[in-house]
Amino acid sequence: MPLWTIYHPADAYSDSDKAELAEKITDLYGTVMPRFSVGIVFQPIDARNFYVAGKPADRFVRIVMEHIARSFPSIEISRRFIDRVNTLLKPYVEDRGFDWEFHIDETPFDYWSINGYFPPRADTEDEKRWRAENRPSPRTHD
């Protein structure tokens, strides 16, 4: 269950920009996990409330990614993912003149539930069902 929180200048993105970016972020994960498990929060921040290096940050985007359902098995795979994220973000940050930064937190898999259900392990029949139905349901396997 990835959750992205995107802190951005208040006028950085239109509603259609946000919808387009949210779809692309969801596509990034959609082949690996159920699409319903991907959350994106756009948090507009007034420059008077966002500082970098002690100065108002009116051209800065900060993204926090929380990865709960998966973790990276190696540094090489994490770097490939980060490169993909930077490519995905480029039209929304660099091409618009924003500086940006992100980090990824990984939460242990066993520390979450969704709609009261413990999530299925990767590549199990339960997870395949969740992806196909695009909703959580009781696990049938441990």
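## A salt bridge across the chain

The side chains of Glu127 and Arg70 form a salt bridge, with 2.3 Å from N to O. Glu127 belongs to helix 3 (residues 125-133), while Arg70 sits in the loop between strand 5 and helix 2, so the pair ties together parts that are 57 residues apart in sequence. The count of salt bridges comes to 13. This is a predicted model.

## The layout

What does the protein chain contain? It has 3 helices and 6 strands. Read from the N terminus, the elements run β-α-β-β-β-β-α-β-α. The C-alpha trace spans about 50 × 30 × 25 Å along its principal axes.

## The sheet

An open sheet is built from 4 strands. Their order is 2-1-5-6, and the pairing is mixed. Which strands stand at the edges? Strand 2 (39-45) and strand 6 (99-106) do. Each has a single partner strand, so one side of each is left without a neighbour in the sheet. On average, neighbouring strands of this sheet are turned by 15 degrees against each other, direction ignored.

Strand 1 (residues 3-9) and strand 5 (residues 60-67) run antiparallel. They are joined by 5 bridges. Trp4 has Met65 in strand 5 as its bridge partner.

## Helices on the sheet

Helix 1 packs on the sheet and touches strand 1, strand 2 and strand 5. The direction of helix 1 makes about 145 degrees with that of strand 2.

Helix 2 packs on the sheet as well. Helix 2 touches strand 1, strand 5 and strand 6. Its direction makes about 140 degrees with that of strand 6.

## Helix against helix

Two packed helices are described by the angle between their axes and the distance between the axes. Here the pair is helix 1 (residues 15-30) and helix 2 (residues 75-89). Their axes come within 11 Å and cross at roughly 160 degrees. Angles over 145 degrees count as roughly antiparallel, so helix 1 is roughly antiparallel to helix 2. The crossing of the two is right-handed.

Which residues meet? Helix 1 brings Leu21, Lys24, Ile25, Leu28 and Tyr29. Helix 2 brings Phe81, Arg84, Val85, Leu88 and Leu89. The residues of this contact divide into 8 nonpolar, no polar and 2 charged.

How values were computed. Residues numbered from 1 in each chain as written. Predicted model: local features only at pLDDT ≥ 70, side-chain atom pairs only at ≥ 80, totals over all residues. Heavy atoms only, no water. Axes fitted to C-alpha atoms, helices over the stretch in contact; angles between N-to-C directions. Parallel < 35°, antiparallel > 145°, perpendicular 65-115°, else oblique. Left-handed = near helix turned anticlockwise from the far one by under 90°. Contact = heavy atoms within 4.5 Å. Nonpolar A, V, L, I, M, F, W, Y, C, P; charged D, E, K, R; others polar. Pairing = 2+ DSSP bridges. Salt bridge = Lys/Arg side-chain N within 4 Å of Asp/Glu carboxyl O.
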